[in-house]
There are 2 protein chains.
Amino acid sequence: MIAVDWGTSNLRAFRLDGGGAVIDRRESAEGITQVADGAFAATLRAVVGPWLADGETRVLMCGMIGSRQGWVEAPYLPCPADPAALAGALVAVPFDEAQVRLVPGLSARDADGTPEVMRGEETKLLALLQHMGGDGLVCLPGTHTKWVRLQGGRIAGFATCMSGETFGALRDGTILGRMMRHAGPVDPGGFDRGVARSGEGGHLLHHLFGVRTLGLFGELDEAESAGYLSGLLIGHEARAMAPRGAVVHLAGDEMLTGLYARAIGAAGAQVAMLDEDVAAQGLAIIGRAAGWL
Amino acid sequence: MIAVDWGTSNLRAFRLDGGGAVIDRRESAEGITQVADGAFAATLRAVVGPWLADGETRVLMCGMIGSRQGWVEAPYLPCPADPAALAGALVAVPFDEAQVRLVPGLSARDADGTPEVMRGEETKLLALLQHMGGDGLVCLPGTHTKWVRLQGGRIAGFATCMSGETFGALRDGTILGRMMRHAGPVDPGGFDRGVARSGEGGHLLHHLFGVRTLGLFGELDEAESAGYLSGLLIGHEARAMAPRGAVVHLAGDEMLTGLYARAIGAAGAQVAMLDEDVAAQGLAIIGRAAGWL
């Protein structure tokens with residue numbers, strides 16, 4: 001079968017053998033926001049056409065391609081969810097040359113009833129679940145970081161923290177950004193100072209103002225400032241989300257997981273790093289549950 | 001004497017009699033950001049010239065006019081501070097037709113050593129202090145809300161929360177704003193829902209994502225959405241800053257103090273409203289301590 005991870009900013013396609021191993025791969029910059037006039041079928045054809053011509057008949061897709069802004073909207077499947085539940089909720093997409101199905105995103109409710117959603121992560125999580133033996137706490141850092149409970153081989157529930165997007169909005173839209181040198185990677189010294197500050201008394205909304213006052217008093221320089229803000233936010237997040245003594249399984253890009261690992265360690269939890277490049281594997285697991293492999 | 005409250009976006013001038021009572025007033029839209037090429041002397045002359053011609057010889061100013069972006073930078077005076085300390089730290093401004101002095105801003109350090117600053121509020125606080133009998137907790141809501149401890153007739157210390165500016169940055173710079181109708185006043189129903197949510201489990205950085213998910217699930221409509229976000233932020237702030245059972249003295253514009261009063265009440269503290277229009281009175285108190293009245 002063909003596995004496609006089609007997100008906002010890129011598309012990655014994999015040709016899988018009967019055992020789910022990747023035998024060929026293709027990548028495209030045509031994420032869903034780059035596809036004009038809803039030309040999703042033509043885009044897919046351009047990427048996987050050669051494999052279809054070579055005899056493939058089934059395409060399984062995950063990611064934002066199943067969102068309201070994508071090809072067909074796939075409704076969220078409520079947690080808890082396992083491979084069979086996701087395989088049973090695939091959404092068909094009209095396409096002439098092959099059977100095309102979408103993996104739905106997941107929804108959850110927290111203890112107080114507020115809804116949660118993810119789309120794309122559910123597929124990776126099935127692969128991580130297999131690596132972890134079916135139980136554990138996973139953190140997937142990003143613009144909207146997901147903290148996920150895996151239990152008994154299922155995705156039991158999850159919570160999203162907006163630290164990443166909040167960081168960008170505060171840097172670009174408040175007085176705090178004026179103190180910052182924007183370019184370049186996060187300064188690790190500044191980041192660690194922000195993480196340490198997040199463990200002191202006072203609320204995040206108060207700690208934020210320190211980015212400005214420390215700068216005014218010459219106690220935080222421009223190069224450290226963005227890192228300090230990032231450390232404040234991720235530090236607060238880690239202290240709220242990572243139980244002391246627990247193991248947090250981290251998967252994501254190297255820079256971001258590195259930062260989260262420092263903050264989670266400072267919060268008194270342990271970190272286990274997982275390979276993030278598991279979308280093909282997750283799609284293979286769902287494909288197998290759907291009888292496609 | 002002449003008292004001038006010169007802020008970022010406007011200038012208010014008062015002519016005071018020997019008892020400190022306002023006998024005349026003038027207002028101008030020429031806040032410090034509207035004054036081109038540092039023409040502060042000419043701007044002041046245009047506003048208070050008639051009073052100078054009529055015999056006034058002393059001008060006492062407070063607000064952002066004493067900041068780095070203003071006329072002359074007045075260094076921050078460390079807390080605790082009382083009228084005598086502020087009067088002793090006035091900064092002279094070169095001006096031909098009268099003696100002109102600037103009230104300095106205040107600085108403080110929190111328990112962990114992080115600096116704090118205010119500029120303009122210190123003058124109002126001296127007047128509020130008099131009304132309150134010298135002790136109490138004051139909240140001055142704004143872009144950067146100040147929570148101030150008054151003790152024994154002095155401004156003992158304070159902390160700033162960035163809820164207001166964070167609200168604007170999140171509304172204008174994140175996906176949350178897409179769910180909002182921006183125009184119009186804050187929806188009280190949405191605000192109260194956000195305040196209630198701020199008391200539930202989970203961190204603010206997680207609660208924020210609920211603005212999006214409740215919208216996606218049709219459980220929060222566009223008209224409520226901005227109010228809900230505001231309630232989340234002010235609710236978290238009030239729960240962190242207003243001790244249960246304490247009395248919080250609120251002063252500021254009617255809309256904002258109304259919102260804070262709801263959030264502070266929900267946090268289990270009591271609210272006492274104070275008149276905010278006390279800049280002239282605060283300047284009179286400092287003028288008296290300086291021997292100008």
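User: Two strands pair if DSSP finds at least two bridges between them. With that settled, which residue stands opposite Q151(B) in β12(B)?

Analyst: R154(B) stands opposite Q151(B). Strands are DSSP runs of E with at least two residues, helices are runs of H or I with at least four, and both are numbered from the N terminus. The model is predicted: local features need pLDDT of at least 70 and side-chain atom pairs count only at pLDDT 80 or more, while totals for chains, interfaces and linings use all residues. Residues are numbered from 1 along each chain as its sequence is written, chains are lettered from A and ligands numbered from 1 in the order in which they are written, and side-chain values use heavy atoms, without hydrogens and water.

User: How many bridges join β11 of chain B to β12(B), and in which sense do they pair?

Analyst: Seven, in the antiparallel sense; β11(B) covers residues 145-151.

User: What sheet do they sit in?

Analyst: An open one of five strands in chain B, in the order β12-β11-β10-β13-β14, with mixed pairing. At its edges are β12 (154-161) and β14 (270-273) of chain B; each has a single partner strand, so one side of each lacks a neighbour in the sheet. Neighbouring strands are turned by 30° against each other on average, direction ignored. Angles run from 0 to 180 degrees between N-to-C directions, and axes are lines fitted to C-alpha atoms, for helices over the stretch in contact.

User: Which strands does α8 of chain B lie across?

Analyst: Helix α8(B), residues 222-241, lies across β10 (136-140), β11 and β12 of chain B, at about 20° to β11(B). Contact means heavy atoms within 4.5 Å.

User: Over to chain A. What is the bridge partner of T145(A) in β12(A)?

Analyst: C161(A). Helix α3(A), residues 121-132, packs on the sheet and touches β10 (136-140), β11, β12 and β13 (247-250) of chain A. The direction of α3(A) makes about 140° with that of β10(A).

User: How many disulfides are there over all chains?

Analyst: Zero, where a disulfide is a pair of cysteine sulfur atoms within 2.5 Å. C161(A) is in none; the nearest cysteine sulfur, in C139(A), is 8.4 Å away.

User: And why is C62(A) without a bond?

Analyst: Because the closest cysteine sulfur, that of C79(A), is 16 Å from the sulfur of C62(A), which is too far.

User: Is C62(A) buried or exposed?

Analyst: Buried, at 1% relative accessibility. C161(A) is also counted as buried, at 0%. The cut-offs are under 20% relative accessible area for buried and over 50% for exposed, with partly exposed in between (1.4 Å probe, protein chains only).

User: Different topic: at what angle do α5 and α9 of chain A pack?

Analyst: About 35°, with their axes 10 Å apart; α5(A) is residues 188-198 and α9(A) is 254-266.

User: Which residues meet there?

Analyst: From α5(A), P188(A), F191(A), D192(A) and V195(A); from α9(A), L259(A), R262(A), A263(A) and A266(A).

User: Last one: what turn lays chain B on chain A?

Analyst: A turn of 180°, with a shift of 0.0 Å along the axis and an RMSD of 0.0 Å. The two copies are therefore related as by a two-fold rotation axis. The superposition is by least squares on the C-alpha atoms of residues with pLDDT of at least 70 in both copies.

User: Which residue of chain B comes closest to that axis?

Analyst: A169(B), with its C-alpha at 2.7 Å. As for the interface, 100% of the interface residues of chain B are also interface residues in chain A, so the copies meet through the same surface.
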